[in-house]
Amino acid sequence: MRPEGRPNRSESVEDHLERIQDLVDRLGYARVSDVAEALELSRSTVSNMIRRLAKRGYVNYQRYRGFTLTESGRAVAADIRTRHETVTAFLRQLGLEKDTIEAEVEDIEHHLKPQTLAALSSLVEYWESHPTALAAFRKYRP
Ligand code: ZN
């Protein structure tokens, strides 16, 4: 049984929504070819996923044209982005390298339960507001 309030979203669904939102923010729309390139997937794989996302009501999909996210698609993408930013901030506070952080975040972020994310988020805030505590930790772990 899943924790309360957590919709059933696969890693792949989340990856697609995350990339589509990035593209829409930059270009005003997303296209299958751009999403395929960003995720290093084939166009037909992405095309199938976009149809699934459209059936779930996340995507305004018109064949042969760019697509955008619906209001509920945007809400889900915003959650994903917040989570991405929290995990990124946490790994940055640990002092990890930028390249490591970018690769790790994409792997880790889909597998966090809400209660784990909430705890991480508190730790990030705590260290942000108590820099001496973070400095002490960083010194402890060179
Ligand atoms: Zn991400």
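This passage goes through the overall layout of the chain, its helix packing and a few individual residues. The model is a predicted one.

Starting with the big picture, the chain has seven helices and two strands. Going along the sequence, these elements come in the order α-α-α-β-β-α-α-α-α. The C-alpha trace covers about 55 × 35 × 25 Å along its principal axes. Of the 142 residues in the chain, 18% are buried. As for how contacts are spread over the sequence, take those between residues at least 6 apart: 47% of them link residues at least 24 apart. The chain is split into two domains, with domain 1 covering 11–69 and domain 2 covering 80–140. Their centres, taken over C-alpha atoms, sit 27 Å from each other.

Now for the helix pairs. Packing of two helices is described by the angle between their axes and the distance between those axes. Helix H1 and helix H4 have axes 9 Å apart and pack at an angle of about 95°. That angle makes H1 roughly perpendicular to H4. On the H1 side the contact uses Glu14, Leu17, Glu18 and Gln21, and on the H4 side it uses Gly73, Arg74, Val76, Ala77, Ile80 and Arg81. Sorted by class, the H1 contact with H4 comes out at four nonpolar, two polar and four charged residues.

Helix H2 (residues 32–39) and helix H3 (residues 43–55) form another pair, with axes that come within 9 Å and cross at roughly 115°. H2 and H3 are therefore roughly perpendicular to each other, and their crossing is right-handed. From H2, the residues involved are Val32, Ser33, Val35, Ala36 and Leu39, which meet Arg43, Val46, Ser47 and Ile50 of H3. The class count for H2 against H3 is six nonpolar, two polar and one charged.

Over in the later part of the chain, helix H4 (residues 71–93) meets helix H5 (residues 98–108), and here the axes come within 10 Å and cross at roughly 135°. At that angle H4 and H5 are oblique to each other. H4 passes H5 in a right-handed crossing. H4 brings His84, Val87, Thr88, Leu91 and Arg92 to the contact, and H5 brings Ile101, Glu104, Val105 and Ile108. Broken down by class, the contact between H4 and H5 holds five nonpolar, two polar and two charged residues.

Some single residues help to fill in the picture. Leu23 belongs to helix H1 (residues 11–27). Leu23 counts as buried because 20 C-beta neighbours fall inside 10 Å. Setting aside neighbours within four places in sequence, Leu23 is in contact with Ala30, Asp34 and Val35. One of these partners, Val35, is also among the H2 residues that meet H3. Leu23 and Thr68 are 45 residues apart in sequence, yet their C-alpha atoms are 9.0 Å apart in space.

Thr68 turns up again in the surroundings of Asn60, which touches Phe67, Thr68 and Thr70 once residues up to four places away in sequence are left out. Asn60 itself is part of strand S1 (residues 59–60). Asn60 counts as partly exposed, since 15 C-beta neighbours lie inside 10 Å. Gln115 is 55 residues from Asn60 along the chain, and the separation between their C-alpha atoms is 32 Å.

The loop between H2 and H3 holds Glu40. Glu40 is not a glycine, but its phi is positive, at about 55°. Glu40 counts as exposed because there are 6 C-beta neighbours inside 10 Å.

Finally, Ala118 sits in helix H6 (residues 114–129). Ala118 is exposed, as 12 other C-beta atoms lie within 10 Å and the cut-off for exposed is 12 or fewer. Between Ala118 and Thr86 there is a C-alpha to C-alpha distance of 9.4 Å, with the two residues 32 apart in sequence.

Technical notes. Residues are numbered from 1 along each chain as its sequence is written. This is a predicted model: local features need pLDDT of at least 70, side-chain atom pairs count only at pLDDT 80 or more; totals for chains, interfaces and linings use all residues. Axes are lines fitted to C-alpha atoms, for helices over the stretch in contact, and angles run from 0 to 180 degrees between N-to-C directions. Helices (H or I, at least four residues) and strands (E, at least two) are DSSP runs, numbered from the N terminus. Angles under 35 degrees count as roughly parallel, over 145 as roughly antiparallel, 65 to 115 as roughly perpendicular and the rest as oblique. A crossing is left-handed if the near helix is turned anticlockwise from the far one by less than a right angle, and right-handed if clockwise. Two residues are in contact if their C-beta atoms, placed from the backbone, lie within 7 Å. Ala, Val, Leu, Ile, Met, Phe, Trp, Tyr, Cys and Pro count as nonpolar, Asp, Glu, Lys and Arg as charged, and the others, Gly among them, as polar. Domain bounds come from an automatic or database domain assignment.
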